[in-house]
Amino acid sequence: MSMNTQGRPTGTGNVTSSPANGAALLPNEPLLFEIGDTEHSGVDLPDVSIKRDRLGGFSRTLPLDLAGLTEPEAMRHYVRLSRLNYSIDSGMYPLGSCTMKHNPRLNEKMARLPGFADIHPLQPVSTVQGALALMDQLAHWLMTLTNTAAVALSPKAGAHGELLGMMAIKAAQTARGEGHRKVVLVPESAHGTNPATAAFLGYSVKAIPARADGTVDVTAVREALSPDVAAIMLTNPNTCGLFEPQVIEIAEAVHDAGAFFYCDGANFNAIMGVVRPGDLGIDAMHINLHKTFSTPHGGGGPGAGPVVLSAALAPFAPVPFVQRTESGLELVEHSEGEALGRITAFQGQMGMYVRALTYMLSHGSDGLAQAAKDAVLNANYVKARLQTVFSVPFPDQPCMHEALFDDSFLNQTGVSTLDFAKALIDKGFHPMTMYFPLVVHGAMLVEPTESESKQTLDQFCDVMLELASDAIAGNMQNFLSAPVNAPRRRMDETRAARSPILKWEREEVVSEAAQ
Ligand SMILES: *Cc1c(COP(=O)(O)O)cnc(C)c1O
């Protein structure tokens, strides 16, 4: 391990300790190709003699080069890797803006029912009526909770939903001869996916400054509006964890200017069952099933980002969607007129639909509202306990589902936000979101979610306060060397981003190339 002048470990992923007592404890897990070799096979199969080439001359001539491993060898490799992970199943995950809530096991049980788990997207629809009914019911819940006219289930993540929502807005404007609208307004506090989506679709992005209290000023929006503006992309509750108090006035101003209101609904967990975004005047909004409705995410599973649409945008929804007919449920797979066509293969993340609907049905509409209120209560509890020491950039109002702190309490300590987060790893917690939103210096965004008990919240707050007093007392070294209890220490993130090694090559090949 090399050290830079401040004594911080550098270099990519140094192993902290390497116990010699067996592979199961080796933190530096080798690749499958390094464990097995191509000469052996994990199973004994009789020799096959291929009599006739049925591949039209395309049969492989080079060896397949797969590592031959037995089932236990392969399984142990993956189990060992999984133990290097921090997960919501192993501890609190206060990552702001991510809603890392508990994934109820009932969801998993339902998703494994063979009628949902073992079906194929190309099966005749008459054989998957139950699955279509589930999609129809999920769509109904999403439209009811948001008071909107249509929903596109198929986007596979929040960012994918943003893309679809903005494509629908673009299609609607093109259809009414307003394709010249080329500007999208995005508040400074927005998630990076908002401006990225707008730019990807060829829009230019105009930033709306935040007010001193962390919210968006309707006057600033009015000043930015012009006949060139296609839409605003506004997050509500916003990424400072605050409900936008002027959201209705903003919607009206945007509509008066002939533009659309795209709402980033990733923070819907704070208001589900309490506020219907359709009542606020939104035209399109993605909902992260993997945040709000407890489907696994992060390393745990694929996302799903359905988009609800207002009546004005409903005709531009993509296919496929489920439709009720006399003879049962149908999957409409071809679009007519101005519609967008399809944006994914097949129908989207079926397993996530099952989990999300299970969560909705097991809570009921009153239970969902309670979950939202509990998420807000938990965040305010953390804020109240920590604000005696941690600096709060927007102290005058209660927060929604996440509590935002800045790094001014670390001034003069020599400890940075990053150091602080790394020290939290040594205390057994996943760090909070750091340096986001960008409008706050050294931001630390804590989202406890409703699924943590008071006891866990207290443990977390105790650790946060202990670390803060350590930093303030000048015990810098613990921070600069952290994490010491993690399988990997500090990564050279710049090098990893600038010169990533994306392909593994056998050592012989690498040394041959070097010669
Ligand atoms: C998570 C998030 C997104 C993007 O969602 P993905 O599913 O990660 O693509 C967008 N906006 C906000 C505010 C988010 O928190």
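**Figure 1. Helices at the second largest pocket of the predicted model.** In this predicted model, at least two residues of the lining of the second largest pocket come from each of helix H4 (114–117) and helix H5 (129–146). Helix H5 makes the greatest contribution to this lining, supplying 3 residues.

**Figure 2. Volume and centre of the second largest pocket.** The computed volume of the second largest pocket is about 320 Å³, and among the 22 residues that line this pocket, those closest to its centre are Ile-119, His-120, Pro-121, Leu-122 and Gln-347. By residue class, the lining of the second largest pocket consists of 15 nonpolar, 4 polar and 3 charged residues.

**Figure 3. Volume and centre of the largest pocket.** The largest pocket has a computed volume of about 1,300 Å³, and of the 49 residues that line it, Leu-84, Asn-85, Tyr-86, Pro-487 and Arg-488 are the closest to its centre. Two or more lining residues are given by each of helix H2 (71–83), helix H3 (105–111), helix H11 (289–292), helix H13 (417–426) and helix H16 (493–498).

**Figure 4. Domains and residue classes in the lining of the largest pocket.** Both domain 1 (107–361) and domain 2 (373–498) take part in the lining of the largest pocket, with at least three residues drawn from each. When the residues of this lining are sorted by class, 19 are nonpolar, 19 are polar and 11 are charged.

Definitions and conventions:
Residues are numbered from 1 along each chain as its sequence is written. This is a predicted model: local features need pLDDT of at least 70, side-chain atom pairs count only at pLDDT 80 or more; totals for chains, interfaces and linings use all residues. Side-chain values use heavy atoms; hydrogens and water are left out. On a 1 Å grid over the protein atoms alone, a cavity is a set of points where a 1.4 Å probe fits but cannot get out, and a pocket is an open set with protein on both sides within 12 Å along at least five of seven lines; lining residues have an atom within 4 Å of a point. Grid points are joined across faces, edges and corners, and a volume is the space filled by probe spheres set on the points. Helices (H or I, at least four residues) and strands (E, at least two) are DSSP runs, numbered from the N terminus. Ala, Val, Leu, Ile, Met, Phe, Trp, Tyr, Cys and Pro count as nonpolar, Asp, Glu, Lys and Arg as charged, and the others, Gly among them, as polar. Domain bounds come from an automatic or database domain assignment.
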